[in-house]
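Let us learn to read a structure by asking about its features in turn.

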Amino acid sequence: VLIIGVFLLGSVTKEVRIQKELAKLTLDKAKSEFVTIAAHQLRTPLSAVRWSFGLLRTGSSLDNNDRDIASKGAQAADNMMYIVNDLLNVARMEHGTIQFDMADGDLRDVVRIATDVLNEAAKKKSISLRVSVPDTPVMTRFDQDKMVMVAENLVDNAIKYTPQGGSIAVELSTGEATARLRVTDTGIGISRGDSARLFERFFRSDRAKRMLPDGSGLGLYIVKTMVDGHKGTVRLEPAPQSGTIATVEIPLVHGPSSVSGTAVSGSSPQGILRT
Amino acid sequence: MTETTKQKVLIVEDDTLLSGLLGRKLAQTYEVAYAPTGEAALALLANDKPALVLLDILLPGMDGFEVLRHIKADSKNADVHVVILSNLGEDEQVAKGKELGADRYVVKVSLTLDDVVDLVGSVLRKSA
């Protein structure tokens with residue numbers, strides 16, 4: 001009787017645990033779907049705000065003060081767009097709907113696209129953006145949009161957290177089996193204590209919050225998930241003098257561990273985004 | 001003095017604020033036509049072909065994918081470029097747009113008006 005009792009109790013406990021897990025999965029899915037719908041609903045009015053400020057600040061009908069107000073409004077709307085896009089990306093990752101469309105390609109294209117996009121932002125802060133890529137193609141297997149997102153996020157972070165007049169170096173190189181993208185800045189840097197938490201969802205260091213109060217704290221989480229999807233690694237470390245070095249490595253196409261198309265859920269990233 | 005003819009861009013967008021802002025910017029370089037629904041877009045295409053269609057996906061009635069399917073099914077539209085400009089940007093939606101023959105699929109909120117003008121220019125230059 002005791003054995004049967006223990007067996008029944010064990011079964012009931014297991015059943016309760018399964019029910020709790022199922023309830024949690026359903027809640028997670030509902031939460032993720034809610035974020036996706038909310039973010040999509042925000043995008044249309046946000047497009048109108050961004051385009052309206054854009055027209056106002058470049059138009060000729062405003063005086064300098066009003067144009068300055070329009071520029072600040074545009075900047076605030078841009079920040080909101082980044083946050084909405086980050087939320088959508090995280091919801092997609094956690095919903096497991098991100099697909100990696102892998103194809104052989106030249107990683108130099110990724111660096112060129114990402115740095116072209118951000119060149120203007122660097123110029124506005126008088127930051128020197130130096131880009132160095134090999135003369136020959138760096139052939140890897142990757143999803144171009146996602147790797148552009150990774151590179152853009154890292155360079156964008158470097159620009160955001162580097163004071164006026166600083167410098168950023170973006171270097172692409174190849175090792176024996178991996179392609180390496182390194183972004184080195186002269187910015188606020190990271191503390192040793194924070195380095196383990198930088199890829200956590202919503203984590204922002206005190207230094208980052210002091211310099212830029214607004215921010216989703218999702219960019220690096222997304223970077224890590226995207227790099228994971230390429231079977232790669234990403235790390236951030238303090239630069240020797242000041243600033244931060246971000247390094248992403250992904251397998252070369254003919255290396256021993258090139259990867260094929262895959263889907264990834266970001267709910268449990270192995271230690272490393274894109275928009 | 002010679003007058004160059006502006007290329008025509010058709011904006012298919014049901015949000016009148018967005019189509020108005022976009023049209024105002026594009027009108028600096030292109031002739032602009034507007035259609036608030038897919039059905040209106042196809043009627044315009046039948047009469048006066050644009051060089052490029054900026055196509056939203058979520059439209060009242062026929063959706064943007066269906067409009068694209070109709071455009072591509074008509075051989076008279078072979079030289080009409082279609083750029084999907086939508087706030088839906090899930091991977092499967094982008095893949096569907098490309099599969100149906102869109103030249104580009106871009107997410108509206110991520111672009112400034114200048115970006116849209118540059119994009120239109122670059123798609124039209126490629127075909128020149």
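Q: How do contacts join residues of chain B that are at least 6 apart in sequence?

A: A contact means heavy atoms within 4.5 Å. Among contacts in chain B between residues at least 6 apart in sequence, 58% join residues at least 24 apart.

Q: What sort of model is this, and how are its parts numbered?

A: It is a predicted model: local features need pLDDT of at least 70, side-chain atom pairs count only at pLDDT 80 or more, and totals for chains, interfaces and linings use all residues. Residues are numbered from 1 along each chain as its sequence is written, chains are lettered from A and ligands numbered from 1 in the order in which they are written, and side-chain values use heavy atoms, with hydrogens and water left out.

Q: Which elements make up chain B, and in what order do they run?

A: Elements are DSSP runs, numbered from the N terminus: helices (H or I, at least four residues) and strands (E, at least two). Chain B has 5 helices and 5 strands. From the N terminus on, they run β-α-β-α-β-α-β-α-β-α.

Q: How much of chain B is buried?

A: Buried means under 20% relative accessible area, exposed means over 50%, and partly exposed lies in between (1.4 Å probe, protein chains only). Of the 128 residues of chain B, 52% count as buried.

Q: How do I read the two sides of strand E1 of chain B?

A: In a regular strand the side chains alternate between the two faces of the sheet. E1(B) spans residues 8-12, and 5 of its 5 residues are buried. Lys8(B), Leu10(B) and Val12(B) point one way, while Val9(B) and Ile11(B) point the other way.

Q: Which strand does E1(B) pair with?

A: Two strands pair if DSSP finds at least two bridges between them. E1(B) runs parallel to strand E2 (residues 31-35) of chain B, and 5 bridges join them. Opposite Lys8(B) stands Glu31(B) in E2(B).

Q: Which residues of helix H1 of chain B are buried?

A: An α-helix has 3.6 residues a turn, so residues three or four places apart point the same way. In H1(B), residues 16-26, the buried ones include Leu18(B), Leu21(B), Leu22(B), Lys25(B) and Leu26(B).

Q: What caps the N-terminal end of H1(B)?

A: Look for a polar contact, a pair of N or O atoms within 3.5 Å; within protein, one must be able to donate a hydrogen and the other to accept it, and residues adjacent in sequence count only if both atoms are side-chain atoms. Here the cap is Asp15(B), with a side-chain oxygen 3.0 Å from the backbone nitrogen of Leu17(B).

Q: Is Ala46(B) buried or exposed?

A: Ala46(B) lies in helix H2 (residues 38-47) of chain B. It counts as exposed, at 62% relative accessibility. Its C-alpha atom and that of Ile71(B) are separated by 9.7 Å, and the two residues are 25 apart along the chain.

Q: Now chain A. Why is helix H7 largely enclosed?

A: H7(A) covers residues 219-228, and 10 of its 10 residues are buried, so the rest of the structure largely encloses it. Among them are Tyr221(A), Lys224(A) and Asp228(A).

Q: Which face of strand E6 of chain A is covered?

A: The covered face of E6(A), residues 178-185, holds Ala179(A), Leu181(A), Val183(A) and Asp185(A). The uncovered face holds Thr178(A), Arg180(A), Arg182(A) and Thr184(A).

Q: Which strands pair with E6(A)?

A: Strand E5 (residues 167-174) of chain A pairs with E6(A) in the antiparallel sense over 7 bridges. A hairpin joins the two through 3 residues. Ile168(A) stands opposite Asp185(A). Strand E8 (residues 244-251) of chain A also pairs with E6(A), antiparallel, over 7 bridges. There, Thr247(A) is the bridge partner of Arg182(A).

Q: Is Thr244(A) buried or exposed?

A: Thr244(A), in E8(A), is buried, with a relative accessible area of 10%. Leaving aside neighbours within four places in sequence, its contacts include Val183(A), Asp185(A) and Leu236(A).

Q: What lines the largest cavity?

A: Rolling a probe the size of a water molecule over the atoms shows where empty space is left. A cavity is a set of points, on a 1 Å grid over the protein atoms alone, where a 1.4 Å probe fits but cannot get out; lining residues have an atom within 4 Å of a point. The lining is Leu107(A), Val110(A), Val111(A), Met147(A), Ala151(A), Leu172(A) and Leu181(A). H3(A) gives the largest share, 3 residues.

Definitions and conventions
1 Å grid on protein atoms, 1.4 Å probe; cavity = no way out; pocket = protein on both sides within 12 Å on 5 of 7 lines; lining within 4 Å.
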